[in-house]
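Visitor: I'd like a close look at one part of this model, the disulfide and its surroundings. Could you walk me through that spot and then step back to the rest of the chain?

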Amino acid sequence: MKTNKTIVRIFMALLCGAFFFDNGIAQSEEAAVKATIMTMFDGMRAGDSTMVHAAFGKNPVMKTIGRDRSTGKAKVIESGLDGFLKAVGTPHDAVWDEKVLSFEIKIDQEMATAWVPYEFYAGENFSHCGVNNFTLFKEEQGWKIIYLIDTRKQEGCK
């Protein structure tokens, strides 16, 4: 009887250790995903297109869900990384500050998604709010953004 209890205790200890070890890996991967996304935002604030570019993988897809000005209907607007990098790197008077409100990250192997609500300020002036939805791929160099779609609105932000 005592041997069976010992075996059960050892098994439970190993199981708990595996859970905590795996949880630690998951937390470090989440931190790495956040760091990649924050590199993009930090680059935007600094007006540093090279820093922003470093957060992206090859041939990323970038889209915005917006409204047609004439009809008011929702539409998907496609944009490219090159235009974004040019906009970030072109000198502008106000600092572009995308303030992250929270992160919800999901990871499976080399794929991660992040749901990131934000408020965007040009200097001290509020511009808009919305949600960024990132998909990242874990390359040899680390997590890289391969897909980014966002929403933008000016009302109902708080």
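Guide: Happy to. Keep in mind that this is a predicted model, with an average pLDDT of 89 over the protein chain and 84% of the residues scoring at least 70.

Let's start with the bond itself. The count comes to one disulfide, and its partners are Cys129 and Cys157, with sulfur atoms 2.0 Å apart. The torsion about the S-S bond is -85 degrees, so the link of Cys129 and Cys157 is left-handed by the usual sign rule. What does the pair tie together? Distant parts of the chain: Cys129 belongs to strand 6, while Cys157 sits in the segment after strand 7, 28 residues apart.

Are the two cysteines buried or exposed? Cys129 has a relative accessible area of just 3%, so it is buried. Cys157 has 18%, and since the cut-off for buried is under 20%, Cys157 counts as buried too.

Now move one residue along from Cys129 and you land on Gly130, also in strand 6, which spans residues 125–139. Gly130 is buried, because its relative accessible area is 8% and buried means under 20%. What does Gly130 touch once its neighbours within four places in sequence are set aside? Val116, Pro117, Tyr118 and Thr151. Glu119 makes a handy reference point here: Gly130 and Glu119 are eleven residues apart in sequence, yet their C-alpha atoms are 6.7 Å apart.

Strand 6 also leads us to the core. The largest nonpolar core has 24 residues, and Met40, Phe56, Phe84 and Phe134 have the most contacts inside it. Strand 6 is one of the elements that give this core two or more residues, along with helix 1 (2–46), strand 1, helix 3 (81–89), strand 5 and strand 7 (142–151). Take Phe84 as an example: beyond residues up to four places away in sequence, Phe84 touches Met40, Met44, Val52, Phe56 and Met62.

Stepping back, the protein chain has three helices and seven strands, and along the sequence they run α-α-β-β-α-β-β-β-β-β. Of the contacts with a separation of 6 or more, 50% are between residues 24 or more positions apart. Buried residues make up 30% of the 158 in the chain. The accessible surface is about 10,600 Å², and carbon and sulfur atoms account for 56% of that.

Two backbone oddities deserve a glance while you're here. Most residues other than glycine have a negative phi. Asn59, though, has a positive phi of about 50 degrees, and its place is in strand 1 (residues 56–67). Asn59 is exposed, because its relative accessibility of 73% is over the 50% cut-off. The other one is Gln109, with a positive phi near 55 degrees, in the loop between strand 4 (104–108) and strand 5 (111–122). Gln109 has a relative accessible area of 63%, so it is exposed as well.

One stretch calls for caution. Over residues 11–21 the pLDDT stays under 50, and the model has zero contacts there beyond four places in sequence. Those residues fall within the 2–46 range of helix 1, so I'd read that part of the helix with the low pLDDT in mind.

Key. Residues are numbered from 1 along each chain as its sequence is written. This is a predicted model: local features need pLDDT of at least 70, side-chain atom pairs count only at pLDDT 80 or more; totals for chains, interfaces and linings use all residues. Side-chain values use heavy atoms; hydrogens and water are left out. Helices (H or I, at least four residues) and strands (E, at least two) are DSSP runs, numbered from the N terminus. Buried means under 20% relative accessible area, exposed over 50%, partly exposed in between (1.4 Å probe, protein chains only). Contact means heavy atoms within 4.5 Å. Accessible areas come from the Shrake-Rupley method with a 1.4 Å probe; for residues, only the protein chains shown count as cover. pLDDT is the predictor's confidence in each residue, from 0 to 100. A nonpolar core is a set of buried Ala, Val, Leu, Ile, Met, Phe, Trp, Tyr and Cys residues joined through side-chain atoms within 4.5 Å. A disulfide is a pair of cysteine sulfur atoms within 2.5 Å.
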